[in-house]
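Trainee: I am new to this one. Can we walk through it together, one question at a time?

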Amino acid sequence: KAAQLSGSGGKEVSGSGNGGRNDFQNTTVPTTYDEMFKFNSAVMGFGSRTWMNEVLASFDIIVSNVANSYRLQEECDVLSLRMAKHKGTINLAEYKVVMLASLRSLIKDWGSLHEVSWSWLWENVERMIKAQLGKPALQERALACFLSSLDENGKGIARREVHAKFFALAPTGQDFFKQSNTRLHFIADKLIVMTLDMYREPEKMVEELSALGLRHVGYGTPTELFGPFVTACVQVIRMLTENDQVEEAYRWSMSLISRILMRVVNEGSTIVMKAINANSGKQLKTAVGCAPRGKRALWMLNIQVGTQSISPLFWALETGSLFAAKAIIVDLLTIRADRDHYYYGMDILFERHQDVIKRLCLDAPGLLYTLLDGLIWRSRVTENGQRRVNYYIRHLLQDMHGEFAKNTEWITESGDPKVVCHPIISMVTDLVWGRVAFRTFLVGKAWFLFTLAVFICSQCVLNHLDDGPAV
């Protein structure tokens, strides 16, 4: 129907003269689902339904996870929180009308099977959203009133009892909470604030939880501990209030937070991260051995979950897993090949981490020599008693913006004479001095040299002015 409306509109415009015909020809035809949806919603009179933009932003994730009921439920819960920020009546059936019209316009072989499938998808999504629709505002208000009325005594109980009950439910959790009591109290306070922020700023909280979940991947936290921790938190809230609405609001928010964290931990717990947690170079070689050559470097440099990412290499340096970090550096700087391509991880390494030299100087100086050795290739074939050697120095001289890199400066500040005397560093410094710095240095010192020569000559003359023959 939307396509027919747009076609009839085109005929009317084309009959209004050359100017109208040119405007119609210059009109951009929607080619993506987002563009077609916005076009059809405006044509059908739903342009003022701002809540549809929230569904549209999450629709790709919803469709991609249609077979994963837990992930679909999580996305619908977050979507209900975002939709609660929009005022006015929300009629979810309107989205279905625009969705089907857009899909009919984009899919050429649209048939009854497509109609049934997409209608079934939206009916499930609509059912999940309706179960929570209208509740977030009431739950946010109740939870905010409870937290604002909580005095210092209540906050102290929450800080102490959360971890005490959690350790009673899951004794193995003590192995992952080895911080001081001050740190544990901070975590408990932060957790209470997060439950309220989940209602107030759901988009921001999802991003923060994704980043937090990736850190838990590095900590090697088992997902089996999230359930007992949520139970302990709810038990503490039950001690502090008898209001069922407050308890339900806190339980639902904590449940959503734990589901997001568990998903991120499961998606980010790759075999590479498990090898880093074990600090085993042998396990890491076995892990990356499963990767295709073209993606081998990315497995060791980037783990992406949503919009958040973590670098296994930098995490190994941060946690002190130096055996695993050394294995990553050696593997990245090993040249491999197949019938069509050569694979060398140098470019990807410096593109992902432009400050890798600085981090190694600060956190693992012993691995800096390993990195520099990997930037030198020596041929195994000798000719006339000599063999070819390649020095890969581009990233040591130039950063990604074409400016002079600070790698030499960082190495100089480290003060390690062994690194400074490394062959590739010697070559870089000699090249910079001979090709660039030497001339600039002479030009800068030219006036000094000229005044010095004048001074020396003047002293030679002035010292002999009074040496004439005596009368």
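**Rings, charges and cores**

Mentor: Start with Phe 59, which is buried at a relative accessible area of 6%. Keep in mind that the model is predicted.

Trainee: Which residue does Phe 59 form an aromatic pair with?

Mentor: Phe 59 sits in helix 4 (residues 51-64). Its partner lies in helix 6, 36 residues apart from Phe 59 in sequence. The ring centres are 5.7 Å apart and the planes meet at 55 degrees, a tilted pair. The partner is Tyr 95.

Trainee: Is Tyr 95 buried or exposed?

Mentor: The cut-off for buried is under 20% relative accessible area. Tyr 95 has 0% relative accessibility, so Tyr 95 counts as buried.

Trainee: How many aromatic pairs does the structure hold?

Mentor: Phe 59 with Tyr 95 is one aromatic pair. The count for the structure is 17.

Trainee: What is the angle between the planes of Phe 37 and Tyr 95?

Mentor: Phe 37 is in helix 3 (residues 33-43) and Tyr 95 in helix 6 (residues 92-106), so this pair ties together parts 58 residues apart in sequence. Phe 37 is buried, at 2% relative accessibility. The Phe 37 and Tyr 95 rings are 4.7 Å apart, centre to centre. The pair is tilted, with an angle of 40 degrees.

Trainee: Which residues form one aromatic cluster with Phe 37, Phe 59 and Tyr 95?

Mentor: Phe 37 and Phe 59 each pair with Tyr 95. The cluster also takes in Tyr 33, Trp 118 and Trp 122.

Trainee: Now charges. How many salt bridges are there?

Mentor: One of them joins Arg 71 and Glu 74 through their side chains. The count comes to 23.

Trainee: How far apart are N and O in the salt bridge of Arg 71 and Glu 74?

Mentor: Both residues lie in helix 5 (residues 69-83). They are three residues apart, about one turn of the helix. Arg 71 is buried at 11% relative accessibility, and Glu 74 is buried at 4%. From N to O, the distance is 3.6 Å.

Trainee: Which Arg in helix 13 meets Glu 74 in a salt bridge?

Mentor: Look far along the chain, since the pair links distant parts, 189 residues apart. Glu 74 is in helix 5, and its partner is in helix 13 (residues 244-268). The N to O distance is 2.9 Å. The partner is Arg 263.

Trainee: Is Glu 267 buried, partly exposed or exposed?

Mentor: Glu 267 meets Arg 263 in a salt bridge at 3.8 Å, N to O. The two are four residues apart in helix 13, so about one helical turn separates them. Arg 263 is buried, with a relative accessible area of 14%. Glu 267 has 43% relative accessibility, so Glu 267 counts as partly exposed.

Trainee: Which residues are linked with Arg 71, Arg 263 and Glu 267 in a network of salt bridges?

Mentor: Glu 74 bridges to Arg 71 and to Arg 263. One further Glu belongs to the network. The residues are Glu 74 and Glu 75.

Trainee: Which ring does the charged end of Arg 359 sit over?

Mentor: The charged end of Arg 359 lies 4.4 Å from the ring centre. The ring belongs to Phe 314.

Trainee: Which helices do the buried residues of helix 8 pack against?

Mentor: Helix 8 (residues 135-148) has 14 residues and reaches 20 Å from first C-alpha to last. Its buried residues include Leu 143, Phe 146 and Leu 147. They pack against helix 5, helix 7, helix 10, helix 12 and helix 13.

Trainee: Which two residues touch the most other members of the largest nonpolar core?

Mentor: That core has 91 residues. Helix 13 gives the most to this core, with eleven residues. One of the two touches Val 272, Met 300 and Ile 328, among others. The two are Leu 284 and Ile 357.

Trainee: How many residues does the second, separate core have?

Mentor: Its members include Tyr 33 and Trp 122, and both also belong to the aromatic cluster. Ile 62 and Leu 121 are in this core as well. The number of residues is 27.

Conventions. Residues are numbered from 1 along each chain as its sequence is written. This is a predicted model: local features need pLDDT of at least 70, side-chain atom pairs count only at pLDDT 80 or more; totals for chains, interfaces and linings use all residues. Side-chain values use heavy atoms; hydrogens and water are left out. A salt bridge is a side-chain nitrogen of Lys or Arg within 4 Å of a carboxyl oxygen of Asp or Glu. Buried means under 20% relative accessible area, exposed over 50%, partly exposed in between (1.4 Å probe, protein chains only). The expected span of a helix is 1.5 Å times one less than its number of residues. Contact means heavy atoms within 4.5 Å. Rings of Phe, Tyr and Trp (its six-membered ring) pair if their centres lie within 6.5 Å; planes under 30 degrees apart count as stacked, over 60 as edge-to-face and the rest as tilted. A charge sits over a ring if NZ of Lys or CZ of Arg is within 6 Å of the ring centre and within 35 degrees of the ring normal. A nonpolar core is a set of buried Ala, Val, Leu, Ile, Met, Phe, Trp, Tyr and Cys residues joined through side-chain atoms within 4.5 Å. Lists of a residue's contacts leave out its neighbours within four places in sequence.
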